[in-house]
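I opened this model to look at the sheet, the ligand shell and one annotated span. My notes are in the order in which I looked things up.

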Amino acid sequence: MEFEDVARRGLVLIGCGKMGSAMLRGWIDGGVPPEAVWVRDPSPAPWLSEAGIRVNAPLPETPAVVLIAVKPQMMTEALPDLAAMGGGATLFISVAAGTSLATFERHLGSKAPIIRAMPNTPAAIGQGITAMIGNDRAGEGHLDLAEKLLRAIGEVVRLEAEEQMDAVTGLSGSGPAYVFHMIECMTAAGVAQGLSEELALELAKITVAGAGALARSAEESPAILRENVTSPNGTTQAGLKQLMNKENGLPPLMIRTIGAAAERSRELSRG
Ligand SMILES: NC(=O)C1=CN([C@@H]2O[C@H](COP(=O)(O)OP(=O)(O)OC[C@H]3O[C@@H](n4cnc5c(N)ncnc54)[C@H](OP(=O)(O)O)[C@@H]3O)[C@@H](O)[C@H]2O)C=CC1
Ligand SMILES: O=C(O)[C@@H]1CCC=N1
């Protein structure tokens, strides 16, 4: 079993909403025993107790890992009584957008190893991607443990500087929402062209999923894959002329979209 220390000393999850529960399911499927998990959440889902997880019970003194998955705005309420675990033996992992390592150090003390991670919701089906970076106290062993835990929900990349986290949040953290909206827009456009809603949605979903899977597995770049779809003077060329318009097409819109999300991440970290 990969998570012996976690199984022995325990894993505490602070906030078990959409992201926390997606990660927890991945860990349980990946071999973390439910009886080694403590969840703290004001409105816990019934499956947690049913699975044998300890819910809103007294926490162990020095768990192996504490995962913090509350909204950034709830942090000042959630952190104070975790300070007792900040002696160095417990690894803290936070997935909160815009909450800096320095903020955690203020609450948890300067000895605590802390890793900031930014996952995304495809984690719920093991197909997320998480970027992570640690504070000075987070050594190679801590980063390896965090990476092993995060691999249970998809790919993991390590960042070189904490500043990169704002752009990562704007791109891959928020990114699934952009893609879901693209599906919504493609569906509406199909309906506008005379398709039923049901058929248009099916076509849009499977097209986005298939193109994503192809982009991931193919050796060719997305640009080449795009060209492979585009026959000279054909239908795709006509569509792309609109979509790729440098003035009012997707390129400037995507710059604005990811820019606004990254800026909000910066704003959150300023408090
Ligand atoms: N959703 C996403 O796509 C992503 C989210 N994140 C980050 O993950 C974090 C959680 O987001 P998400 O899962 O979407 O949010 P949710 O609201 O779904 O989950 C947060 C959970 O924390 C609970 N909670 C509130 N206060 C406390 C507290 N003091 N102690 C313990 N639990 C508490 C909430 O309960 P209640 O609802 O009753 O208040 C809720 O169940 C955020 O910081 C976000 O930035 C990161 C990457 C992607
Ligand atoms: O919207 C948010 O703030 C969070 C962070 C990334 C995805 N959801």
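The entries below go from the sheet to one of its strands, then to the ligand and the annotated domain.

**Entry 1: the sheet.** I noted at the outset that this is a predicted model. I then asked in what order the strands of the sheet lie. The order is 3-2-1-4-5-6-7-8, an open sheet of eight strands with mixed pairing. I looked at the edges next and found strand 3 (54-55) and strand 8 (154-158) there. Each has a single partner strand, so one side of each lacks a neighbour in the sheet.

**Entry 2: strand 6 and its cover.** I picked strand 6, residues 114-118, and checked whether its residues are buried or exposed. Five of its five residues are buried. I sorted them by face: Ile114, Arg116 and Met118 lie on one side, Ile115 and Ala117 on the other, and both faces are covered.

**Entry 3: strand 6 and strand 5.** I looked up how strand 6 pairs with strand 5 (residues 91-94), and the pairing is parallel, over three bridges. I found Phe92 opposite Ile114 of strand 6. The chain gets from strand 5 to strand 6 by way of helix 5 (residues 101-108), and I recorded this β-α-β crossover as right-handed. I also noted that Ser94 has Arg116 in strand 6 as its bridge partner. Arg116 is one of the buried residues from the previous entry.

**Entry 4: strand 6 and strand 7.** I then turned to strand 7 (residues 128-134), which runs antiparallel to strand 6 and is joined to it by four bridges. For Ala117, I found the bridge partner in strand 7 to be Met132.

**Entry 5: ligand 1.** Which residues come nearest to ligand 1? Of the 26 residues around it, I listed Gly15, Gly17, Met19, Ala96 and Ala97 as the nearest. Helix 2 (18-29) and helix 4 (75-78) are the elements that give two or more residues to this shell. Helix 2 has the largest share, with three residues. I sorted the shell by residue type and got 14 nonpolar, seven polar and five charged.

**Entry 6: the annotated span.** I checked UniProt, where an unreviewed entry places the feature "domain: Pyrroline-5-carboxylate reductase dimerisation" at residues 162-268. I looked at what residues 162-268 are made of in the model: 79% helix and 0% strand. The end C-alpha atoms of this span lie 14 Å apart.

Key:
Residues are numbered from 1 along each chain as its sequence is written. Chains are lettered from A and ligands numbered from 1 in the order in which they are written. This is a predicted model: local features need pLDDT of at least 70, side-chain atom pairs count only at pLDDT 80 or more; totals for chains, interfaces and linings use all residues. A residue is buried if 20 or more other C-beta atoms lie within 10 Å of its own, exposed if 12 or fewer, and partly exposed in between; C-beta atoms are placed from the backbone. Two strands pair if DSSP finds at least two bridges between them. A crossover is right-handed if, with the strands pointing away from the viewer, the path from the first strand over the helix to the second runs clockwise. UniProt positions are given in the numbering used here, feature names are shortened, and annotations may be inferred rather than shown by experiment. A residue is near a molecule or strand if its C-beta atom, placed from the backbone, lies within 6 Å of it. Ala, Val, Leu, Ile, Met, Phe, Trp, Tyr, Cys and Pro count as nonpolar, Asp, Glu, Lys and Arg as charged, and the others, Gly among them, as polar.
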